[in-house]
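The following exercises ask the reader to derive local features from coordinates. Each task is followed by a solution in steps.

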Amino acid sequence: MTGSLPMHASAPTPISLPWRHPDRVAQLHAALAQRILILDGAMGTMIQRYVLSEADYRGDRFAEGFDRLHLAEAHTHGDGCTCASHDQRGNNDLLNLTQPGLITDIHRQYLQAGADLIETNTFNSTAIALADYGLSHLARELNQAGARLARAACAAAEAEDPARPRFVVGVLGPTNRTASLSPDVNRPGLRTITFDELVAAYRESALGLIEGGADILMIETVFDTLNAKAAVFAIDDVFQTLGARLPVMISGTITDASGRTLSGQTAEAFWYSLRHAQPLAIGLNCALGARDLRPHIDVLAQIAETHVSTHPNAGLPNAFGGYDETPDDMATVLREFAESGLLNLVGGCCGTTPAHIDAIARAVHGLPPRHVPQLEPLT
């Protein structure tokens with residue numbers, strides 16, 4: 001792993017470290033105190049609209065079925081070459097390198113719709129997830145590129161409206177492995193990933209996001225809290241190595257009507273398991289629509305001594321894998337969240353578009369942000 005950082009026996013404590021970009025953090029805190037901030041919507045939903053081909057995903061660099069910039073010595077590529085066996089269609093993060101203009105345009109659309117925070121197109125940019133495409137070696141580069149594209153889009157928006165700062169949220173997705181559960185019901189003790197392997201992957205990705213210019217890091221769509229703990233450990237380690245830190249957001253996902261994450265936690269348990277990380281915000285996204293997330297966001301709003309975020313799906317998936325909630329439907333539901341004092345940050349996940357973000361931004365405009373409580377310690 002390029003530029004790897006040393007593994008430590010225990011997590012460092014970087015909370016006393018200075019901010020890497022203190023002026024940006026001050027702007028962020030000032031904005032959070034004044035209003036409900038708007039996250040962007042779904043990257044994948046927007047990419048699907050372009051109906052890209054395999055050749056579009058590969059671009060020039062990967063056109064021949066391998067990475068031209070990383071050729072092994074004395075290796076001949078041919079019909080039997082295993083490194084040419086992976087299709088790239090659907091590898092949306094690769095578009096940071098092969099179709100940067102497309103990704104930039106999607107960021108621009110969300111900024112024009114009213115987003116204050118732009119998420120990087122790096123949901124699957126860990127060496128673990130990229131292994132499915134034979135591109136694990138690109139993890140750090142994809143995170144760097146994703147952050148740079150988002151940073152440039154935000155800078156362009158700020159140039160047009162200097163009074164309104166825009167922030168880059170470096171996304172660390174959950175990976176396609178779970179540290180707490182077995183993928184085989186007949187082998188409950190089986191694990192396909194270790195904590196240390198997750199830490200190493202998250203460390204590399206976090207470093208790339210920071211190098212690319214992220215203002216915030218977000219551990220997103222957490223279905224397994226042990227995975228999130230590995231991400232927190234890795235991020236803290238990177239901060240310690242760099243001697244400075246960024247704000248961190250954490251967003252879990254409630255997977256079904258039981259009101260629990262895949263690893264079995266309620267929203268309340270999820271918060272208390274990760275409270276030690278002192279995140280800028282705790283929240284929920286994906287899997288469910290806003291209506292179904294309402295009681296779980298309510299719980300977080302009551303107990304979390306930090307900001308609360310949500311970026312739900314546009315309803316539940318329909319029989320065709322689409323999402324039926326219109327921008328006005330979703331905005332009406334989320335306005336009630338805001339009127340009830342539950343929100344500090346709000347946006348959209350699967351199925352949402354710039355039209356959804358525009359409607360949500362207008363719906364919560366002028367409503368005060370949730371007051372962050374100072375709870376009495378338990379005795």
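**Exercise 1.** Is Gln144 buried or exposed, and at what relative accessibility? Determine also which residues Gln144 touches.

*Solution.* The model is a predicted one.
Step 1. The relative accessibility of Gln144 is 17%. Buried means under 20%, so Gln144 counts as buried.
Step 2. Gln144 is placed in helix H7, which covers residues 139-160.
Step 3. With residues up to four places away in sequence set aside, Gln144 touches Gly208, Leu209, Glu211 and Gly212.
Step 4. With Glu211 there is a polar contact, side chain to side chain, at 2.5 Å. The cut-off for such a pair of N or O atoms is within 3.5 Å.
Step 5. For a pair separated by 91 residues along the chain, take Gln144 and Ile235: their C-alpha atoms are separated by 15 Å.

**Exercise 2.** Characterise Ala139 and Leu97 by accessibility and by contacts.

*Solution.*
Step 1. Ala139 lies in helix H7. Its relative accessible area is 0%, so Ala139 is buried.
Step 2. Beyond its neighbours within four places in sequence, Ala139 is in contact with Ser125, Thr126, Ala127, Leu130 and Glu204.
Step 3. Gln48 lies 91 residues from Ala139 in sequence, and the C-alpha to C-alpha distance of the two is 22 Å.
Step 4. Leu97 belongs to helix H4 (residues 95-98). At 23% relative accessibility, Leu97 counts as partly exposed.
Step 5. Not counting residues up to four places away in sequence, Leu97 touches Arg61, Phe62, Leu138, Glu141, Leu142 and Ala145.
Step 6. Leu97 and Gly146 are 49 residues apart in sequence, with C-alpha atoms 8.4 Å apart in space.

**Exercise 3.** How many aromatic pairs does a search of the whole structure find? Classify the geometry of what is found.

*Solution.*
Step 1. The search finds 1 aromatic pair.
Step 2. The pair is formed by Phe195 and Phe233, at 6.0 Å centre to centre and with 85 degrees between the planes. Planes over 60 degrees apart count as edge-to-face, and the pair of Phe195 and Phe233 is assigned accordingly as edge-to-face.
Step 3. The two rings link distant parts of the chain, 38 residues apart: Phe195 is in helix H8 (residues 195-212) and Phe233 in helix H9 (residues 225-242).
Step 4. Phe195 is partly exposed, at a relative accessible area of 29%, whereas Phe233 counts as buried at 12%.

**Exercise 4.** Which rings have the charged end of an arginine over them?

*Solution.*
Step 1. The ring of Trp19 has the charged end of Arg245 over it, 3.8 Å from the ring centre.
Step 2. The ring of Phe337 has the charged end of Arg294 over it, 5.8 Å from the ring centre. The distance cut-off is within 6 Å.

**Exercise 5.** What span should the 18 residues of H8 have, and how many of them are buried?

*Solution.*
Step 1. At 1.5 Å a residue, the expected span of H8 is 26 Å. The multiplier is one less than the number of residues.
Step 2. The end C-alpha atoms of H8 are 26 Å apart, which agrees with the expectation.
Step 3. Of the 18 residues of H8, 13 are buried, so the helix is largely enclosed by the rest of the structure.
Step 4. Just after H8, Gly213 takes a positive phi of about 110 degrees.

**Exercise 6.** What is the strand order of the open sheet of 8 strands, and which strands stand at its edges?

*Solution.*
Step 1. The order is S1-S8-S7-S6-S5-S4-S3-S2, with parallel pairing.
Step 2. The edges are held by strand S1 (37-38) and strand S2 (117-119); each has a single partner strand, so one side of each is left without a neighbour in the sheet.
Step 3. Strand S4 (residues 216-222) pairs with strand S5 (residues 248-252) in the parallel sense over 4 bridges. Ile219 has Ile250 in S5 as its bridge partner.
Step 4. Strand S6 (residues 281-289) and S7 pair in the parallel sense over 6 bridges. For Ala281, the bridge partner in S7 is His307.
Step 5. In strand S7 (residues 307-313), 7 of the 7 residues are buried, so S7 is largely enclosed by the rest of the structure.

How values were computed
Residues are numbered from 1 along each chain as its sequence is written. This is a predicted model: local features need pLDDT of at least 70, side-chain atom pairs count only at pLDDT 80 or more; totals for chains, interfaces and linings use all residues. Side-chain values use heavy atoms; hydrogens and water are left out. Helices (H or I, at least four residues) and strands (E, at least two) are DSSP runs, numbered from the N terminus. Buried means under 20% relative accessible area, exposed over 50%, partly exposed in between (1.4 Å probe, protein chains only). A polar contact is a pair of N or O atoms within 3.5 Å; within protein, one must be able to donate a hydrogen and the other to accept it, and residues adjacent in sequence count only if both atoms are side-chain atoms. Contact means heavy atoms within 4.5 Å. Rings of Phe, Tyr and Trp (its six-membered ring) pair if their centres lie within 6.5 Å; planes under 30 degrees apart count as stacked, over 60 as edge-to-face and the rest as tilted. A charge sits over a ring if NZ of Lys or CZ of Arg is within 6 Å of the ring centre and within 35 degrees of the ring normal. Two strands pair if DSSP finds at least two bridges between them.
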